[in-house]
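Grab a pencil and try these exercises on the structure below. Each one has a task, then a solution worked step by step.

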Amino acid sequence: MRLLAAGVLLLAHLCTAFYLPGLAPVSFCDDDKESEGCKSLIELFVNRLDSVESVLPYEYDAFDFCQDKEEKRPSENLGQVLFGERIASSPYKFTFKKQETCKKVCTRSYDPENSADRSKLAFLKKGMQLNYQHHWIIDNMPVTWCYDVEDGQKYCNPGFPIGCFVTPDGRVKDACVINSEFNKKNTFYLFNHVDITIMYHSGKDENWPGARLVMARLRPQSYKHTDENNLSCEGPPMEIPGEFNSKLNLIYTYSVTFEEKNNIKWASRWDYILESMPHTNIQWFSIMNSLVIVLFLSGMVAMIILRTLHKDIARYNQIDSSEDAQEEFGWKLVHGDVFRPPRKGMLLSVFLGQGTQIFIMTFITLFLACLGFLSPANRGALMTCAVVLWVLLGTPAGYVSARMYKTFRGEKWKTNVLLTALLCPGIVFADFFIMNLILWVKGSSAAIPFGTLVAILAMWFGISVPLTFIGAYFGFKEKPIEHPVRTNQIPRQIPEQSFFTKPLPGIIMGGILPFGCIFIQLFFILNSIWSHQMYYMFGFLFLVFIILLITCSEATVLLCYFHLCAEDYHWWWRSFLTSSFTAVYLFIYAVHYFFSKLQITGTASTILYFGYTMIMVLIFFLFTVVGNCTGTVFGLKRRMFTLSCRCCGGDGVATLTTFSEDDHVATMSPKTGARTLLYE
């Protein structure tokens, strides 16, 4: 007992000492109390600049802002590089608790006769016109700009604009609405001053030295400094005329204040940003909407199993004469064809293998995100985790693909293995490479460096492909999945189908319900990608993920049963496409989102948007493989699909072919001809 108690105490101590999201805390103290575990210098780091009107992010240095003379770049993980994050040090450096007012950072001068100056200023104007946003970081925490929105709520944006623009016709754009002085036509207003407020937890009654930063806010301002030796940060705004005809000096300044905020714990310092996003009620509505769909489908499936199938079994258990026995009908007529290998079985097996790989990757990634390992504070961790898991999960992909291909009686096993390892990843990489070429041409920070591309190829061919071969080796060594009955040599003729039992209408209808479960969550995911909003609701996302699995499975089972009742035994591809067609609805929604929610302009940005969207659609198409897997299980479990009676002459016993893991056996009495269904 003492040992158990000691173990519990040790575990409790470890839990209180370990903070999952982000990095370890850093303590700050006054300049005269600086020590090894407590520093006084606060460094501000800058990240890429992005815009809701363009898919092209740019590095901080691409604009002619003040730069750090001794620039430092923290090491970035794979996820940060793929997302285009480029973090660097800045000339904004503060001393803990030292107030600064209107302190000069640097001066930038532009001469209209200098072509380099003209291009730099033109690029800066373009950034203001497209509403590009700064993203500053202090102590691994975003510096936020908080302002009032509808219904008196306050929204804290982890970015703030370079400036704003008033069009030649006098229309005020974007952030120009915050100041009535921003009203001159065809004029740019630069936010060349920031008022920064840093809040800290003093550490009183705590066991750490010094203080810890818990919040950093700023307010962008625009001031026309006339005398750089006598700065006051007052007066008219900094105007940049649309026509660049005279010399221009831009002076960048800042003010910083410190406030004690002991009611905010360091571990919950991100909460004020997340709480300012009023999406929780909508999320619960999404969950309830999805649950209603799941309950509806569950009721339908339960009704079929409990009523239809139970009634069929009861009919075979009736003690009637063989002459009175009813003829078989519906799905029982296709028992000799239901396990006939599908057309294009090679491609189907490859899709199943790749889908299994993506499904397991998604499940583990979301599970870790729910535990807090992949929070927004841990930058790039989500993408890094997903890529590493995909690389390491080549074995299940190869195994599933090889096993299914062998079940389909395929003989070109080398082609199967190569396609499993190269087809879908090759399509994604080709699309990604083309998008990267566009980013390279445009000089965007999102362009992946050549070294990173080589590293990705090395992981693909050096780790993922060999693991796929290993999985395929074990898959081909296994016996093919045994079918409960022998397939007829001559295919049965399929009767003419009604409109709703034809393949295409059934597939189109099958994707509607799964999409209905995810479309609200999809809106927030697209917002986080294209509108640069922070996504943190992984608990909701994991719950929607589970609901999506259930919905895809039940929709596939339901439609598979209806098609078999219509005596159409081509169910392999149909069960796969029933749930996978949800990806088509995802693409349609992405097109709607592009035209109704985004203000993206420019050919390059449009191509990039739809190029990356196609990657998401392909991944989602393969991800819904769970629907086909469930349809397969349904077909194999329900041996009622293969009911078949064979009568023998004389004293022979009529047997019913076994078609279940429960080894159902039916016998017929030679005296009365009554058929009885037995269960072992």
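Buried means under 20% relative accessible area, exposed over 50%, and partly exposed in between (1.4 Å probe, protein chains only). Helices (H or I, at least four residues) and strands (E, at least two) are DSSP runs, numbered from the N terminus. Mind that this is a predicted model: local features need pLDDT of at least 70, side-chain atom pairs count only at pLDDT 80 or more, and totals for chains, interfaces and linings use all residues. Residues are numbered from 1 along each chain as its sequence is written, and side-chain values use heavy atoms, with hydrogens and water left out.

**Exercise 1.** Work out how many residues of helix H14 are buried.

*Solution.* Step one: H14 runs over residues 572–580. Step two: seven of its nine residues turn out to be buried, so the helix is mostly covered. Among them are Trp572, Arg574 and Phe576.

**Exercise 2.** Check the span of helix H9, then find where its kink is centred.

*Solution.* Step one: the expected span is 1.5 Å times one less than the number of residues. For the 30 residues of H9 (413–442) that gives 44 Å, and the end C-alpha atoms are indeed 44 Å apart. Step two: look at the bend, the angle between axes fitted to the seven residues ending at a residue and the seven starting there. H9 has a kink of about 40 degrees, centred on Leu419. Step three: just past the helix, Gly443 adopts a positive phi of about 70 degrees.

**Exercise 3.** Give the strand order of the open sheet that contains E7, and name its edge strands.

*Solution.* Step one: two strands pair if DSSP finds at least two bridges between them. Step two: the four strands line up as E4-E1-E7-E8, with antiparallel pairing. Step three: E4 (88–95) and E8 (141–142) each pair on one side only, which makes them the edges. In the E7–E8 pair, Ile137 has Pro142 as its bridge partner.

**Exercise 4.** Which hand does the disulfide of Cys66 and Cys106 have?

*Solution.* Step one: a disulfide is a pair of cysteine sulfur atoms within 2.5 Å; Cys66 and Cys106 sit 1.7 Å apart, S to S. Step two: the torsion about their S-S bond is about -80 degrees, so this disulfide is left-handed. Step three: try Cys102 and Cys233, where a torsion of about 90 degrees makes the disulfide right-handed. Those two cysteines lie 131 residues apart, and both are buried.
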